[in-house]
Amino acid sequence: MFERYQGGERAILVHVDFPDQNNQEDLTEFVDLTNSAGIEILSIVTTSRSSPQPKYFVGTGKIEEIAQLVADEKADVVLFNHSLSPSQERNIEHLAKCRVVDRTGLILDIFAQRAQTHEGKLQVELAQLQHLSTRLVRGWTHLERQKGGIGLRGPGETQLETDRRLLRERIKTIRKRLEKVEKQREQGRRSRKRANVATVSLVGYTNAGKSTLFNRLTEAHVLAEDKLFATLDPTHRRISLNDHQSAILADTVGFIRHLPHDLVAAFKATLQESREADILLHVIDASDDRREDNKEQVYEVLREIDATDNVTIEVYNKCDKVNGLSPRAEKDPETGNFRVYCSAITGAGLDGILETVAELLQEEWREETLLLSNQHMALRGQLFDLNCIENEQVTDAGEFVLQIKLPVSDWKRLERKNDINLDAMITPKH
């Protein structure tokens, strides 16, 4: 689609230090991202600015230094550890005479490499098209001319307008396909609800060890590598918590600071697994110096997908790499949060995860009797969909008395979805 500078994967990295927290990025993580994409790093250029420069993002002196470095090193691409505007990318490409990719484009490229399933490929393509839609003007030099000449006369549509129309049509097609996928996932969740099987979802910062933990708990063989975003497509397996309890464990895509909004939107069906889960296992790399910051980034994404009401267990993985940190399960007396310290590699402390999940699933159920009027027929239908109604009676006034048993997470979800207080509908127990 684009007439761009062609080449291999040899890169110059550019990192800018800003005093503003919103613009700050981590250089170490950027290097990890570049390595995960399979790109050879030739040189790293760092600089400091109070704010981004409108034309080149960095100062004119620094951009000339980068252009000279590209020529000397024969680099194929310049990678910026920040989000660039389309005009900034175009200006830098014109000066550096090579491709320019920002942080969002790099993450999208990694996702494109990792996607294995049809759904994953569709999600990545949607995110890429949404990202590229604002950058269509870039490689074309002939877009101002309308189609003309013998055999080429048309409705007067420029090449750019044609590309934009084709892009919109492709985005529309992908969204329709992903809607079907979302419906299929919803049917799967309903089947699990009807079978009264709880769902536990692994979430966490990328490369925290989720897939290794998933393989340990389920004896599966999901790809687990020391790379960012090694897992892209969600996987489900049944696990036994004890002699009489089991659950479905879901492995999901890892999060990262400033996760591109196009990706969050495109992976809506996948992230829905985390939102609908009964319990979230928030996997944290205990050996990472940035763990507290990474934790907050994960909670930020959970807030974005409306999954903050879910019961969450913080799992501090890789405790074998931290001196004096022993495997154990505990409950914070102040916040009531559950924490488990373990090592997915050695298997130490994994029993604590299973015991904590089993304990929470026993505690986190509501058995109530609700009185519903005719105005709440939609809510009654939702309760039937959850297969949580144990008995139903109709009063002389035409109201419904329902005896229900459902997880607390579903209780909260129903309240949020219908904007009601279910506790106000509970009838006194005689």
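**Figure 1. The secondary structure of the protein chain comprises 13 helices and 14 strands.** The model is predicted. Of the 430 residues in the chain, 51% count as buried. Contacts often bridge distant parts of the sequence: among those between residues at least 6 apart, 68% join residues at least 24 apart.

**Figure 2. Confidence varies along the predicted chain, with an average pLDDT of 79.** A score of at least 70 is reached by 81% of the residues. Helix α2 (residues 60-73) has the highest confidence, at a mean of 91. Helix α8 (residues 261-266) has the lowest, at 66. Two stretches deserve a separate look. Over residues 1-8, pLDDT stays under 50, and the model has 22 contacts there beyond four places in sequence. Over residues 138-154, pLDDT also stays under 50. For that stretch the model has 26 contacts beyond four places in sequence.

**Figure 3. The largest nonpolar core holds 29 residues.** Those with the most contacts inside this core are L79, L106, F255 and L302. The elements giving two or more residues to the core are β1 (10-17), α1 (27-36), β3 (77-80), α4 (103-114) and α10 (291-304). Helix α4 gives the most, with four residues. A second, separate core has 28 residues, including V200, L213, V340 and A344.

**Figure 4. L79 is one of the residues with the most contacts inside the largest core.** Neighbours within four places in sequence are left aside here. Beyond them, L79 is in contact with A11, I12, L13 and V14, among others. Its further partners include F30, T34 and I39. V101 and L106 touch L79 too.

**Figure 5. Helices α4 and α5 (residues 118-132) pack with their axes 10 Å apart.** The angle between them is about 155°. Angles over 145 degrees count as roughly antiparallel, so α4 is roughly antiparallel to α5. The crossing of the two helices is left-handed. On the α4 side, the residues that meet α5 are T104, G105, L108, F111 and A112. Their counterparts in α5 are V124, A127, Q128 and H131.

**Figure 6. Helices α2 and α3 (residues 86-96) pack at an angle of about 50°.** Their axes are 9 Å apart. This angle makes α2 oblique to α3. The crossing is right-handed. I63, A67 and V70 in α2 meet I92, L95 and A96 in α3. Residues three or four places apart in an α-helix point the same way, because there are 3.6 residues a turn.

**Figure 7. D163 lies in helix α6 (residues 159-194).** Is D163 buried or exposed? Its relative accessible area is 8%, so D163 is buried. The C-alpha atoms of D163 and S133 are separated by 9.2 Å. Along the chain, these two residues are 30 apart.

**Figure 8. Q297 has its place in helix α10.** With a relative accessibility of 12%, Q297 counts as buried. I256 is 41 residues away from Q297 in sequence. In space, the two are 6.8 Å apart, C-alpha to C-alpha.

**Figure 9. N207 and K318 are loop residues with positive phi.** Most residues other than glycine have a negative phi. N207 has a phi near 70°. This residue is found in the loop between β5 (198-204) and α7 (210-218). N207 counts as partly exposed, at 24% relative accessibility. K318 has a phi near 65°. Its loop runs between β9 (311-317) and β10 (328-331). At 15% relative accessibility, K318 counts as buried.

**Figure 10. Helix α13 (residues 408-418) contains K412.** K412 is partly exposed, at a relative accessible area of 35%. The buried residues of α13 are V408, S409, D410, W411, R413, L414 and E415. K412 and L422 are 10 residues apart along the chain, and their C-alpha atoms are separated by 8.8 Å. Just after α13, D419 takes a positive phi of about 55°.

Terms used:
Residues numbered from 1 in each chain as written. Predicted model: local features only at pLDDT ≥ 70, side-chain atom pairs only at ≥ 80, totals over all residues. Heavy atoms only, no water. pLDDT = per-residue confidence, 0-100. Contact = heavy atoms within 4.5 Å. Core = buried A, V, L, I, M, F, W, Y, C linked by side-chain atoms within 4.5 Å. Buried < 20%, exposed > 50% of the residue type's maximum accessible area, 1.4 Å probe, protein only. Axes fitted to C-alpha atoms, helices over the stretch in contact; angles between N-to-C directions. Parallel < 35°, antiparallel > 145°, perpendicular 65-115°, else oblique. Left-handed = near helix turned anticlockwise from the far one by under 90°.
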